[in-house]
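Trainee: Hey, I've just opened a new structure and don't know where to start. Could you walk me through it?

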Amino acid sequence: MDILTYDDVHIDFTRDEWALLNPSQKSLYKDVMLETYRNLTAVGYSWEDHNFKEHCQSARRHGR
């Protein structure tokens, strides 16, 4: 069985791609990514190897 990582399940939208999503799509993306974060944390995923904080800050800069 292969190990699942955050990079396997997240989608990194460009600013232009994000602008094309409607509010319900943006909300769904946020909800799914939060659930993914919680699930990976629950199974012991090590966030030390992934700069999640940087990803969140980037998302805020893009209005996500």
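Mentor: Sure. One definition before we count anything: helices are DSSP runs of H or I with at least four residues, strands are runs of E with at least two, and both are numbered from the N terminus. Also keep in mind that this is a predicted model.

Trainee: Okay, so how many helices and strands does the protein have?

Mentor: There are four helices and zero strands. Going along the sequence, you'd read the pattern as α-α-α-α.

Trainee: And what share of the residues is buried?

Mentor: The protein has 64 residues, and 23% of them count as buried. As for the accessible surface, that is about 5100 Å², with 52% of it belonging to carbon and sulfur atoms.

Trainee: What about contacts between residues 24 or more positions apart? What percentage do they make up?

Mentor: Among contacts with a separation of 6 or more, 72% come from residues 24 or more positions apart.

Trainee: Switching topic: which residues make up the largest nonpolar core?

Mentor: Nine residues in all: Tyr6, Phe13, Trp18, Leu21, Tyr29, Met33, Leu40, Tyr45 and Trp47. Helix 3, residues 23-42, gives the most to this core, with three residues.

Trainee: Why would nonpolar side chains be buried together?

Mentor: I can only give you the general trend: in soluble globular proteins, nonpolar side chains tend to end up buried together.

Trainee: I see lots of rings in there. How many aromatic pairs does the structure hold?

Mentor: Three. One of them is Phe13 with Tyr29, an edge-to-face pair at 5.2 Å centre to centre, with 70 degrees between the planes.

Trainee: Where do those two sit in the chain?

Mentor: Phe13 is in the loop between helix 1 (6-9) and helix 2 (15-20), while Tyr29 is in helix 3. They're 16 residues apart, so the pair links distant parts of the chain.

Trainee: Why do Phe13 and Tyr29 count as buried?

Mentor: Because buried means under 20% relative accessible area. Phe13 has 16% relative accessibility, and Tyr29 has 13%.

Trainee: Which residues do ring pairs link into a cluster?

Mentor: Phe13, Trp18 and Tyr29.

Trainee: Last one. I clicked on Thr36; where does it lie, and is it buried or exposed?

Mentor: Thr36 lies in helix 3. Its relative accessibility is 15%, so Thr36 counts as buried.

Trainee: What does the side chain of Thr36 reach?

Mentor: The backbone oxygen of Val32, at 2.8 Å.

Technical notes. Residues are numbered from 1 along each chain as its sequence is written. This is a predicted model: local features need pLDDT of at least 70, side-chain atom pairs count only at pLDDT 80 or more; totals for chains, interfaces and linings use all residues. Side-chain values use heavy atoms; hydrogens and water are left out. Buried means under 20% relative accessible area, exposed over 50%, partly exposed in between (1.4 Å probe, protein chains only). Contact means heavy atoms within 4.5 Å. Accessible areas come from the Shrake-Rupley method with a 1.4 Å probe; for residues, only the protein chains shown count as cover. A nonpolar core is a set of buried Ala, Val, Leu, Ile, Met, Phe, Trp, Tyr and Cys residues joined through side-chain atoms within 4.5 Å. Rings of Phe, Tyr and Trp (its six-membered ring) pair if their centres lie within 6.5 Å; planes under 30 degrees apart count as stacked, over 60 as edge-to-face and the rest as tilted. A polar contact is a pair of N or O atoms within 3.5 Å; within protein, one must be able to donate a hydrogen and the other to accept it, and residues adjacent in sequence count only if both atoms are side-chain atoms.
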